[in-house]
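Please open the model in your viewer and keep the selection panel at hand. The stops below are meant to be taken in order.

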Amino acid sequence: MKVEIHKLFEVLLKAQKVKPETSVIHSLAKPPILGDFLDDLDPNLVLDWSDKSFHGLPSLREKVVERFSYSPVCTAEDVLITAGTAEANFLAISNLVSPGDEMIVDVPGWPQPLVLGKAIGAIVKKLERHEDNGWMFDFDQLEELITKKTKLIFLCNPNNPTGHVLNEEELLRIAKLADKVGAYVLTDEVYRNMEWYCPLTPRMATLYERGISTGSVSKVLGLQGLRTGWMISKDKKLLFDSIVLREDTSEIMNIMGEAIADIALRESRFEVAVAKARKSAKENLSILDEFIKIHSELSWVRPVAGLIGLCNLNIDQDSTKVSEILLENPYSLMIMPGSAYGYPNHIRVGAGGGSKDDLEKGLARLDQFFKAI
Ligand SMILES: Cc1ncc(COP(=O)(O)O)c(C=O)c1O
């Protein structure tokens, strides 16, 4: 299977080379440091996986269903710990979609299902979100796209990059349509717990027998480098097939990632970390909103949830070009062009990172650019 490089990754690789001084792209909370966990780590932890569960550390699985409210519908038995949401998505897509099958993916949305579906040789159908409807899609279009060949509907909820959230009623409606043809519905819930103008994002795995929820400690806890996430589903066969597939890639989760995530998800720690991340993100989102209000070069549907949003770029230049100019001096600024999502007249901005000063520094460079054009 040959996977095409996605534009989003290309932009990231390029920026890593150029090393810009600042950015306005942060999509996760301020990352903790190893020292924050040292006192709680067991120095006698054996770094061998021989006696470990292939589903993941039982205490971690229990904490995932509790902290992210999958319990009581889902239990630790319904959880597979994975190397991030990315691996959970990969395992689900690879197991459920074969060449010639149909798969429906929301756009704009997370690029992973688009590139994987294509690499598998599936027919990938795009479910279009509409900016003038707060980035919601049309159910009429979804109904048209579903056929007997549909194996998987992949939705990013809360949506990356728009911050739109599907509510429970809408998810149940989607599940009903999927059920008619026996399709699975996967919602990537990595931005859960960062809701601003809506209730907590509903969890697909709790609503439908072929529902799958994926997520991780990467965003709200800022622990992206741990590479620790999960796939949750009542479908035991899918979880088992995923373990079988993973045996030929990473074999099992990394023990250190699980041990640290297990500490991070202790109730007291979790609540403090989420509150801190939310406070900082709220402040940063207000800064972004104010900046957009006073710059006619930008406009947006403010994200309902999550740490990122997609802005219209109301200037006569393509976002790829703009991002390339900004990377260089005098700006030395990284932005995520909307073209990475197939939206060349937009840019993606982020309220994560935890530092108001960094965000303000990045926005000052953007202001400088707008004044110069
Ligand atoms: C929607 C979405 N899914 C998955 C991922 C990958 O996350 P993880 O670090 O949990 O693998 C990201 C990261 O940006 C994301 O935005």
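What follows is a tour that goes from the whole chain to a sheet, then to a pair of helices, and ends at a single residue.

Begin with the whole protein chain, bearing in mind that this is a predicted model. In cartoon view, the secondary structure comes to 12 helices and 14 strands. The C-alpha trace spans about 60 × 55 × 40 Å along its principal axes. A compact globule of 373 residues would have a radius of gyration near 21 Å, and the 20 Å of this chain therefore agrees with that expectation. If you colour the chain by burial, 50% of the 373 residues count as buried. Should you draw the contacts between residues at least 6 apart in sequence, 72% of them join residues at least 24 apart.

Next, select the strands of the open sheet, which number eight and lie in the order β2-β9-β8-β7-β6-β3-β4-β5, with mixed pairing. The edges are formed by β2 (79-82) and β5 (136-137), each of which pairs on one side only. At the β2 edge, add β9 (residues 229-233): the two strands run antiparallel and are joined by four bridges. Within β9, Gly229 is the residue that stands opposite Thr82.

Now bring in two helices that pack on this sheet. Helix α5 (residues 112-120) touches β3 (102-107), β4 (123-130) and β6 (150-156), and its direction makes about 155 degrees with that of β3. Helix α7 (residues 168-181) touches β6, β7 (184-188) and β8 (211-216), with its direction at about 145 degrees to that of β7.

Stay with the sheet and isolate β3, showing its side chains. Which residues point one way from β3, and which the other way? Glu102, Ile104 and Asp106 point to one side, whereas Met103, Val105 and Val107 point to the other, and all are buried. The strand is accordingly mostly covered, with six of its six residues buried. Add β4 to the selection, and you will find it paired with β3 in the parallel sense over six bridges. For Ile104, the bridge partner in β4 is Lys125.

Turn then to helix α4 (residues 84-96), whose 13 residues reach 19 Å from the first C-alpha to the last, close to the 18 Å expected at 1.5 Å a residue. Because 11 of its 13 residues are buried, α4 is largely enclosed by the rest of the structure. Among the buried residues are Gly84, Thr85, Glu87, Phe90, Leu91 and Leu96.

Keep α4 displayed and select α5 again, so that the two can be viewed as a packed pair. Two packed helices are described by the angle between their axes and the distance between the axes. Here the angle is about 35 degrees and the axes are 11 Å apart, and α4 passes α5 in a right-handed crossing. To see the contact itself, show Ala86, Asn89, Phe90 and Ile93 of α4 together with Gln112, Pro113, Leu116 and Gly117 of α5.

The last stop is Ala86, which has its place in helix α4. Is Ala86 buried, exposed or partly exposed? Ala86 has 18 C-beta neighbours inside 10 Å and therefore counts as partly exposed, since a buried residue needs 20 or more. Finally, draw a distance from the C-alpha atom of Ala86 to that of Ala372: the two residues lie 286 residues apart along the chain, and these atoms are separated by 39 Å.

Methods
Residues numbered from 1 in each chain as written. Predicted model: local features only at pLDDT ≥ 70, side-chain atom pairs only at ≥ 80, totals over all residues. Expected span 1.5 Å × (residues − 1). Buried ≥ 20, exposed ≤ 12 C-beta atoms within 10 Å, placed from the backbone. Rg over C-alpha atoms; globule rule 2.2 N^0.38 Å. Contact = placed C-beta atoms within 7 Å. Pairing = 2+ DSSP bridges. Axes fitted to C-alpha atoms, helices over the stretch in contact; angles between N-to-C directions. Left-handed = near helix turned anticlockwise from the far one by under 90°.
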